[in-house]
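Colleague: Could you take me slowly through one part of this model, a small sheet together with the helices around it, and explain each term as you use it? Afterwards, please set it beside a second sheet, so that I can see how the same terms apply there.

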Protein chains: 2
Amino acid sequence: MPNNRYKVAVIGAGFAGLSAAKELSKYDEFEICLIDRNNYHTFLPLLYQVAAAELESEDITSPLRGHFRKNRRVAVMHCRVAEIDHANKTLHTDGPDIRYDYLIMSMGSTTEFFGTPGAEKFAFTLKSLEDAVRLRSHILSCFEQASLYSDAHPTIYPNVSGQDKTDRQSALKHIIIIGGGPNGAEFAGALSELVRTSIYRDFPEFDRNSVQITLLEAAPNLLAGFPPLLAGYVRERLEKMDVTVKLNAAVTEIRKDGAVLKDGTFLPSETVVWTAGVRATDLAAETGFAAGKSGRIHVLPTLQIANRAEIFVAGDLSLPEGETVPPMVAPNAIQQGIHAARNLVRLVRKQELQPFVYHDKGSMAVVGRGAAAVRIGTRTLTGTIAWLVWLAVHLTYLVGFHNRLMVMFNWAWDYFVAERSVRLIFRSWKER
Amino acid sequence: MPNNRYKVAVIGAGFAGLSAAKELSKYDEFEICLIDRNNYHTFLPLLYQVAAAELESEDITSPLRGHFRKNRRVAVMHCRVAEIDHANKTLHTDGPDIRYDYLIMSMGSTTEFFGTPGAEKFAFTLKSLEDAVRLRSHILSCFEQASLYSDAHPTIYPNVSGQDKTDRQSALKHIIIIGGGPNGAEFAGALSELVRTSIYRDFPEFDRNSVQITLLEAAPNLLAGFPPLLAGYVRERLEKMDVTVKLNAAVTEIRKDGAVLKDGTFLPSETVVWTAGVRATDLAAETGFAAGKSGRIHVLPTLQIANRAEIFVAGDLSLPEGETVPPMVAPNAIQQGIHAARNLVRLVRKQELQPFVYHDKGSMAVVGRGAAAVRIGTRTLTGTIAWLVWLAVHLTYLVGFHNRLMVMFNWAWDYFVAERSVRLIFRSWKER
């Protein structure tokens with residue numbers, strides 16, 4: 001059934017790609033092909049809650065095809081793009097080739113280790129659902145291993161003892177989080193709640209306070225870009241929750257058994273989590289388009305690539321010309337996705353394209369129950385009210401009615417029963 | 001803190017092991033060590049619903065430590081037993097050695113392929129949570145691949161065509177289930193519902209009825225051991241749901257691309273699921289204890305091994321002397337676990353041990369919404385009433401309050417919205 005619609009390929013179904021595809025699907029001129037290596041969209045701002053055993057995988061994901069059931073002009077393709085051949089307007093994938101008239105690049109970002117030795121090999125990352133489930137399984141496995149060698153049942157396990165045992169126990173019960181941005185800070189808070197509710201109850205053989213959580217930040221403050229008042233609040237709350245916050249603490253090496261700081265200190269730990277940097281995906285770099293900071297691709301204010309009017313870039317990957325650099329956050333990705341789609345409509349209708357302007361609605365970070373830091377415009381909020389705002393915003397944006405109900409249920413359960421229901425170690429994901 | 005309690009090791013936290021540990025934990029004489037390679041108990045009778053994307057992993061599992069929080073005499077150990085050194089009353093594990101005074105072996109069963117060529121390599125199994133998630137991901141991936149090469153968007157994917165394409169499509173959209181026992185029949189029914197609700201809606205490019213489900217049974221009837229009336233009902237219902245039921249259809253070879261029947265017929269399929277047999281685990285065989293049918297270990301009517309009074313065997317693994325052979329089902333495992341525990345109490349209290357008698361409460365199989373076959377004693381039920389009985393029994397036995405709520409919620413959602421919420425392809429588990 002050939003037709004005269006414009007063929008639009010959208011690479012990546014994150015916030016930018018999904019928003020762009022949804023917006024374009026409203027217009028009859030287009031036939032859209034939404035390509036992702038996963039068959040689901042991941043609500044990344046809550047990923048750390050899966051890693052902290054607070055939410056289930058299904059809570060923060062929604063099947064892509066579910067979004068486009070009523071629209072046969074959108075084809076969801078579950079494959080990986082291997083090469084963007086923009087001269088021939090063709091994508092080479094691990095499935096069939098895909099020809100396009102217009103392209104929206106929205107592949108998002110990946111972890112940047114800044115060349116830190118050992119980081120890529122030994123650090124856990126927190127950028128995909130698989131990362132989160134792997135990290136959760138690893139952390140719970142460490143506690144199980146620590147329990148195996150604890151002193152709780154000496155008559156049953158007589159063959160381990162001495163200083164080696166104590167050292168190993170400490171390393172198993174120490175989690176290091178590198179990067180004091182919202183992701184790292186929120187994960188530290190969620191882990192502290194996990195430990196103080198479920199873990200100490202599940203492992204009565206652990207001494208209270210024997211589990212250590214360390215948050216390392218290279219800068220002199222947490223939450224770069226947040227008002228100092230909020231950053232201070234978050235730090236204080238985290239410390240009250242027994243998280244050790246170390247500022248000016250750059251990491252120079254990650255080993256299997258811990259992390260080395262700039263001042264030479266070695267922190268033994270079986271679990272080092274890297275949340276300290278992001279950069280554009282390799283696929284973006286291979287296109288040869290001019291890239292700026294973090295490998296983000298330079299685009300015109302219209303989000304088009306200069307001299308390549310048929311290619312738009314949206315989301316983390318996009319670096320529009322202008323005075324301010326939009327942050328690599330979900331609201332920016334959503335706004336850019338919609339903007340790119342609307343500009344494409346203008347393009348095919350031969351109307352004037354509009355420059356993208358990022359609307360900064362604010363920023364927020366949650367530390368634990370009833371404890372969050374929120375900035376709305378220039379206003380700041382902390383504590384329970386901030387937490388309620390955080391809750392409302394995240395439930396509103398969480399994709400899909402079923403997910404919202406489930407997440408509310410899980411959160412309510414955690415809140416009232418103070419108990420995590422998701423504590424499964426999946427073996428397939430245990431080993432790195 | 002050494003003490004004078006008897007050390008009991010329980011290997012395996014399935015229905016038998018978990019029941020035994022729970023029963024023993026009521027008595028102050030024992031210090032119990034419950035060992036499992038997973039940190040959770042799996043409600044195996046509903047495993048096929050995870051494979052059919054009906055329930056989430058978390059719905060049918062419960063963390064082991066959650067069961068024993070209030071009882072410090074029970075230690076949960078997350079490790080694998082490598083060797084049972086019964087001469088020295090010691091277990092060698094991939095963690096520490098474990099010494100015991102008494103042992104309960106309840107390692108359950110594993111898949112038996114009866115030496116069918118290719119089966120172990122190419123067939124999917126359905127005996128663990130990992131199996132179920134891997135199978136779900138594979139089936140959904142097959143549909144995604146079939147979609148990639150469909151005719152829905154010829155202008156986008158111009159490079160595939162011809163007979164090869166049609167053949168490959170058919171194989172991707174054909175699921176073969178080997179074994180017409182309750183597991184195979186229930187899985188066939190659940191898959192049919194998945195296909196007829198979510199899949200045809202998610203993949204509008206698929207022709208209605210283009211997805212094929214074939215259930216192969218070597219015997220002349222489905223559901224061996226069920227009253228013929230019920231077996232007939234289940235077969236009829238499955239056929240109404242477009243499942244192709246082939247009786248007297250023994251499989252002689254499984255290949256990557258399909259299954260070969262005894263009469264030489266080759267059925268092309270990318271997904272061959274084996275539910276046709278179970279046998280004792282390898283660890284049981286290595287103990288050298290006398291084994292009977294399916295490798296099950298011969299025990300006295302008291303569930304003890306002859307001349308090894310300190311070792312009890314419970315569950316699928318146990319073959320007690322007597323006229324009737326108890327079936328390898330959950331109710332038998334639960335009854336044996338409790339019985340072994342109570343006999344152990346009698347043993348240490350120097351009371352007379354009691355012979356195990358299996359109380360057959362009945363059997364049941366569910367085919368789909370409002371369609372089940374139930375035998376209670378000699379009474380049989382089919383249809384909606386049977387389905388309600390099935391529902392009540394499974395919710396009652398499902399471990400944990402949180403799970404029950406979640407399962408009810410998921411089932412109600414499926415029932416009223418006719419929509420599966422769990423349709424994620426986990427990449428780590430995609431490849432065999």
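Modeller: I will begin with how the model should be read, then go through the part you asked about, and then turn to the second sheet.

This is a predicted model, in which local features need a pLDDT of at least 70 and side-chain atom pairs count only at pLDDT 80 or more, while totals for chains, interfaces and linings use all residues. Residues are numbered from 1 along each chain as its sequence is written, and chains are lettered from A, and ligands numbered from 1, in the order in which they are written.

The sheet in chain B is an open one, made of three strands in the order β23-β24-β25 with antiparallel pairing. Here helices (H or I, at least four residues) and strands (E, at least two residues) are DSSP runs numbered from the N terminus, and two strands count as paired if DSSP finds at least two bridges between them. At the edges of this sheet stand β23 (363–368) and β25 (379–382) of chain B, each of which pairs on one side only. Neighbouring strands of the sheet are turned against each other by 5 degrees on average, with direction ignored; in general, angles are taken between N-to-C directions and run from 0 to 180 degrees, the axes being lines fitted to C-alpha atoms, for helices over the stretch in contact. Strand β24 of chain B, residues 371–376, is joined to β25(B) by four bridges in the antiparallel sense, and within that pairing V374(B) has L381(B) of β25(B) as its bridge partner.

Two helices belong to this picture. Helix α8 of chain B, residues 228–240, lies across β23, β24 and β25 of chain B and runs at about 170 degrees to β24(B). Helix α11 of chain B, residues 383–397, has 15 residues and reaches 21 Å from its first C-alpha to its last, close to the 21 Å expected at 1.5 Å a residue, where the expected span is 1.5 Å times one less than the number of residues.

Which residues of α11(B) are buried? They include A386(B), W387(B) and W390(B), where a residue is called buried if 20 or more other C-beta atoms, placed from the backbone, lie within 10 Å of its own, exposed if 12 or fewer do, and partly exposed in between. These three cover an arc of only 100 degrees around the axis, which puts them on the same side of α11(B); the arc is that of the directions from the helix axis to the C-beta atoms. What covers the buried residues of α11(B) includes β23, β24 and β25 of chain B, with contact meaning that the C-beta atoms of two residues, placed from the backbone, lie within 7 Å. The face turned away from that buried side carries T384(B), I385(B), A392(B) and T396(B), which are exposed.

Now for the second sheet, which is in chain A. Six strands form an open sheet in the order β5-β2-β1-β9-β21-β20 (chain A), and the pairing is mixed. β5 (74–78) and β20 (304–305) of chain A stand at its edges with a single partner strand each, so one side of each is left without a neighbour in the sheet. Strand β2 of chain A, residues 30–36, runs parallel to β5(A) and is joined to it by five bridges, and C33(A) has A75(A) of β5(A) as its bridge partner. Helix α10(A) packs on this sheet, touching β1 (6–11), β9 (102–105) and β21 (308–313) of chain A, and its direction makes about 165 degrees with that of β21(A).

Helix α10 (residues 330–348) of chain A also packs against helix α1 (residues 15–24) of chain A, at an angle of about 35 degrees and with the axes 7 Å apart. The crossing of α1(A) and α10(A) is right-handed, a word used when the near helix is turned clockwise from the far one by less than a right angle, and left-handed when anticlockwise. Among the residues that make this contact are F15(A), L18(A) and L24(A) of α1(A), and I334(A), I338(A) and L344(A) of α10(A).

Finally, a shorter pairing in chain A shows the bridge count again: β14 (residues 251–255) and β15 (residues 258–261) of chain A pair in the antiparallel sense over four bridges. β14(A) and β15(A) form a hairpin with two residues between them, and I254(A) has A259(A) of β15(A) as its bridge partner.
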